[in-house]
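Me: I am new to this structure and would like to learn how to read it feature by feature. Could you take me through it slowly, giving the general idea before each case?

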Amino acid sequence: MNPLRTPITLLSFLFLSLLLAGCKASDVSTEPAREAVSVRVSEVTGGESQDQPLRFSGIVRATQRATLTFQISGTLKERSVELGQQVQAGKALARVYNPALEPARDSARARLAELTTRYEQAKREWERSSQLHERGMVSEQTLERLAAQRDSLSASVATARAALAEATRMLAESTLQAPFSGRVEALLVEPDEFVAAGQPVMRLSSPEGREVEVRVPAYLLDQVQLAQSLPVWSVQDRSLPAQPGTVVEIAQAGAIRGELHPVLVSLPANTLEPGEPVEVGITPVREAAITVPLLSVVRHADGTSVFRVRDSLANRIPVIVDRVVGERVVVSSAELAPGDQVVYAGMTRLADGDAVEVR
């Protein structure tokens with residue numbers, strides 16, 4: 001073995017190693033790797049479909065109630081009930097005295113008796129004359145006159161009978177009767193006071209059924225519907241849970257600016273008493289929407305967009321801005337959903353598809 005060949009072989013091996021190392025070094029890019037962009041993100045929130053319930057005050061009242069009046073004028077002579085008394089349907093509650101009622105009835109009765117007698121006489125006279133006419137003893141003209149007199153008296157009898165019925169009804173109107181069973185809520189006229197026709201005398205309410213009427217703005221009428229359940233809270237004791245009320249009547253919106261419109265709510269039996277102040281809750285329903293921070297919206301030549309972060313990557317998502325609500329923006333986008341993360345800080349160095357580091 002040649003002793004000089006070994007150093008030469010080692011030198012050749014070292015030269016080849018350096019050459020290969022130089023080639024590998026030349027293949028590596030001299031540009032440094034792009035670092036993740038540091039950003040801050042915020043969550044996309046879904047717009048609430050319902051707001052907090054708006055409360056409207058009202059007073060519980062009986063479903064069946066009546067303000068009783070006389071149809072005639074006169075002096076209140078009798079009142080057989082007291083305040084708060086329970087009465088049955090048909091019971092006489094009060095009586096008014098009018099000096100013209102009984103004479104009017106008696107006069108109508110006498111007039112009817114007189115005309116009835118005259119009619120019966122005219123009828124018999126026509127029957128006799130009809131028999132004589134068949135024998136040729138009474139002329140056709142006389143018979144026609146007697147028939148006309150009979151028919152006229154028959155019509156007068158009918159008129160007198162109607163007058164008697166009217167006078168009898170007017171006399172019956174002097175007595176006030178309970179139209180249904182209930183409780184006397186109020187006495188509005190004292191005995192010996194003059195009462196005009198149609199003047200309220202007392203109020204009566206039935207223990208069956210409770211309701212409350214609230215007045216709401218016109219825009220809320222579209223937020224309620226018949227048979228809808230609404231919460232009803234007692235004002236006197238706010239610790240009590242809300243009672244479920246049912247909408248039974250809804251007013252139609254009018255053209256008067258600022259006018260409030262009634263909504264009638266039926267209450268469950270044996271819950272709230274008449275006269276108790278309550279609050280009825282109506283919750284406005286709004287269309288669902290998504291909101292993002294105002295700072296996350298980027299405007300560019302093609303419109304507006306946001307950067308959504310998923311798996312540490314930022315992607316540009318086009319959005320359509322609807323309206324600004326405080327520090328957030330209501331947007332619409334088919335690619336965003338509540339719970340997504342969008343960038344609101346650090347967007348100046350951010351491009352679509354960049355890796356990000358959430359601070």
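**Reading strands, cores and helices**

Reply: Let us begin with one pair of strands: β7 and β8 run antiparallel and are joined by 3 bridges. Within this pair, Ala92 stands opposite Gln177 in β8. The model is a predicted one, in which local features need pLDDT of at least 70 and side-chain atom pairs count only at pLDDT 80 or more, while totals for chains, interfaces and linings use all residues. Residues are numbered from 1 along each chain as its sequence is written, and side-chain values use heavy atoms, with hydrogens and water left out.

Me: What counts as a strand or a helix, and how many of each does the protein chain have?

Reply: Both are DSSP runs numbered from the N terminus, with helices being H or I over at least four residues and strands being E over at least two. By that reading, the protein chain has 3 helices and 23 strands.

Me: In which order do the strands around β7 lie in their sheet?

Reply: Strands of a sheet pair through backbone hydrogen bonds, either parallel or antiparallel. Two strands are taken to pair if DSSP finds at least two bridges between them. Here 4 strands form an open sheet in the order β8-β7-β5-β10, with antiparallel pairing. At the edges stand β8 (175–177) and β10 (194–195), each with a single partner strand, so one side of each is left without a neighbour in the sheet.

Me: Which strands make up the open sheet that contains β4?

Reply: That open sheet has 4 strands in the order β4-β11-β9-β6, and the pairing is antiparallel. Its edge strands are β4 (65–69) and β6 (86–87), each of which pairs on one side only. Between β4 and β11 there are 5 bridges in the antiparallel sense, and Thr69 stands opposite Pro200 in β11. Strand β9 (residues 182–187) is joined to strand β11 (residues 200–205) by 4 bridges, also antiparallel, and here Ala186 stands opposite Arg203.

Me: Which side chains of β4 point to one face, and which to the other?

Reply: In a regular strand the side chains alternate between the two faces of the sheet. Burial is judged by relative accessible area, where buried means under 20%, exposed means over 50%, and partly exposed lies in between (1.4 Å probe, protein chains only). Along β4, Ala66 and Leu68 point to one face and are buried, whereas Arg65, Thr67 and Thr69 point to the other and are not. Over the protein chain of 359 residues, 30% count as buried.

Me: Which residues have the most contacts inside the largest nonpolar core?

Reply: A nonpolar core is a set of buried Ala, Val, Leu, Ile, Met, Phe, Trp, Tyr and Cys residues joined through side-chain atoms within 4.5 Å. The largest one has 21 residues, and those with the most contacts inside it are Phe70 and Met202. At least two residues of this core come from each of β4, β7 (92–97) and β11. A second, separate core of 18 residues includes Val212, Leu220, Val263 and Ile282.

Me: What is Met202 in contact with, beyond its neighbours within four places in sequence?

Reply: Contact means heavy atoms within 4.5 Å. Leaving aside those neighbours, the contacts of Met202 include Ala66, Leu68, Leu93, Leu176 and Ala186.

Me: How do helix α2 and helix α3 cross?

Reply: Axes are lines fitted to C-alpha atoms, for helices over the stretch in contact, and angles run from 0 to 180 degrees between N-to-C directions. The axes of α2 (residues 101–134) and α3 (residues 140–172) come within 8 Å and cross at roughly 160°. The two helices are therefore roughly antiparallel to each other, a term for angles over 145 degrees (under 35 is roughly parallel, 65 to 115 roughly perpendicular and the rest oblique).

Me: Is Arg150 buried or exposed?

Reply: Arg150 lies in helix α3, and at 18% relative accessibility Arg150 counts as buried. Leaving aside neighbours within four places in sequence, Arg150 is in contact with Tyr119, Ala122, Lys123 and Trp126.
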